[in-house]
Amino acid sequence: MVVPRDLKSLVPHGLRAGQGWFFSISISMFLGLLFLHAPAHALEISFPSMQLNLDGVDGPEQVSSVLQIVFLMTVLTIAPAMVIMMTSFTRLAVVLSLLRQAIGTQQSPPNQVIVGLALFLTFFIMQPVWDRIHKEAMVPYRNMEITGEEFLERSASPLKDFMLKQTSKKDLALFISLSGAGKPENVDDISLSTLIPAFVISELKTAFQIGFLLYIPFIILDMVVASILLSMGMMMLPPVMISLPFKLMLFVLADGWNVLVGSLVRSFY
């Protein structure tokens, strides 16, 4: 018996032109029927079970603890969005991505390295804010000196102060006017739903400004290399292929990573 090397040889010649998809669907249905009629022990898969109920609750304290667990799980699901939108992560990630495009390297450094570096720099920059939240909110709440509402208010205050320092007045005024609320009398009257989008677009604007400054030396180098190749009559040779090693050498000789990271961290203070 001769076994065909691929599935195309199994498809009748009349079906290859416009009905090959019908043959693929038939094969998929046939394999599905095989799995459905397979023995039960061959497809037996066990998963760990988890139950959350209020059976056997003796008092409101136990109900409150269950609700706190549910609230904690909800917060953990939105924690990545909080890290991205309420910290320095946005500016760092955008600037590092623009730097990679300015140099001309396609996948170097890879996305995992850029995100990891931006994340650890975020932890470094936000460390004073975390310390303040821990001291003013976490410790009193752990010692049962404040309520849950006071804990949330004290936790939001350091983040508000950090975001207000990085948010332009123009962007903040835009979202205050869009929200329809009156002019706030002080910082405490500004809600997080208004401050967070204003902070994000301010961070994007700052990141693009830094990216523009990063592009200038590399664009000049590309123009010089392109002019030299054109004067030599080598019009078919891509200038990017020649300028890339010089870009890398320029960035290394200028100690680019030290200068860039230092400038980014100082821009938040």
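**Salt bridges, buried charges and surface patches in an all-helical model**

R132, E136 and D161 are joined to one another in a network of salt bridges. The model in which this network occurs is a predicted one, and four salt bridges are found in the structure. Within the network, R132 pairs with E136, and the closest N and O atoms of the two are 3.3 Å apart. Because R132 and E136 are four residues apart in helix α6 (residues 127-142), about one helical turn separates them. This spacing agrees with a general property of the fold element: an α-helix has 3.6 residues a turn, so residues three or four places apart point the same way. R132 is partly exposed at a relative accessibility of 30%, and E136 is likewise partly exposed, at 33%.

The side chain of R132 also meets that of D161 in a salt bridge, with an N to O distance of 2.9 Å. This pair links distant parts of the chain, since D161 belongs to helix α7 and R132 to helix α6, with their positions 29 residues apart in sequence. D161 has a relative accessibility of 27% and therefore counts as partly exposed.

A further salt bridge is formed by D222 and K247, for which the closest N and O atoms are 2.8 Å apart. D222 is located in helix α9 and K247 in helix α10, so the pair ties together parts that are 25 residues apart in sequence. The two partners fall into separate accessibility classes: D222, at 22% relative accessibility, is partly exposed, whereas K247, with a relative accessible area of 3%, is buried. The cut-off for the buried class is under 20% relative accessible area.

Buried basic residues are also found in other helices. R91 lies in helix α4 and is buried, its relative accessible area being 2%. When residues up to four places away in sequence are not counted, R91 touches Q166, E203, T206, A207, I210, S267 and F268. K160 is placed in helix α7 (residues 148-166) and is buried as well, with a relative accessible area of 13%. Leaving aside neighbours within four places in sequence, the contacts of K160 are V187, D188, I190, L192 and L195.

With regard to the overall architecture, the secondary structure comprises eleven helices and zero strands, and the pattern read along the sequence is α-α-α-α-α-α-α-α-α-α-α. Of the 269 residues in the protein, 27% are buried. Among contacts between residues at least 6 apart in sequence, 67% join residues at least 24 apart. The protein exposes about 19200 Å², of which carbon and sulfur atoms supply 69%.

Helix α11 (residues 256-266) illustrates how buried positions are distributed within one element: G256, L260, V261, G262, L264 and V265 are buried in this helix. These buried residues of α11 pack against α4 (89-103), α5 (111-125), α9 and α10 (239-253). Helices α9 and α10, which appear among these packing partners, are also the helices that hold D222 and K247, respectively. Helix α4, another of the partners, is the helix in which R91 lies.

Two surface patches were identified, one charged and one nonpolar. The negative patch is formed by E149, E150, E153, E185, D188 and D189. Of these residues, D188 is also one of the contacts of the buried K160. D189 lies in the loop between α8 (169-179) and α9 (192-231), and its relative accessible area of 46% makes it partly exposed.

The nonpolar patch consists of F212, L213, I216, I220, V224, I228, M232 and M234, which together have about 770 Å² of accessible area. Within this patch, V224 is placed in helix α9. V224 has a relative accessibility of 42% and so counts as partly exposed. Helix α9 thus carries V224 of the nonpolar patch and D222, the salt-bridge partner of K247 in helix α10.

Technical notes: Residues are numbered from 1 along each chain as its sequence is written. This is a predicted model: local features need pLDDT of at least 70, side-chain atom pairs count only at pLDDT 80 or more; totals for chains, interfaces and linings use all residues. Side-chain values use heavy atoms; hydrogens and water are left out. Patches are made of residues with over 30% relative accessible area and no salt bridge: like charges are joined within 9 Å, nonpolar side chains (Val, Leu, Ile, Met, Phe, Trp, Tyr) within 5 Å. Accessible areas come from the Shrake-Rupley method with a 1.4 Å probe; for residues, only the protein chains shown count as cover. Lys and Arg count as positive and Asp and Glu as negative; His and the chain ends are not counted. The place of a charge is taken as NZ of Lys, CZ of Arg, CG of Asp or CD of Glu. Helices (H or I, at least four residues) and strands (E, at least two) are DSSP runs, numbered from the N terminus. Buried means under 20% relative accessible area, exposed over 50%, partly exposed in between (1.4 Å probe, protein chains only). Contact means heavy atoms within 4.5 Å.
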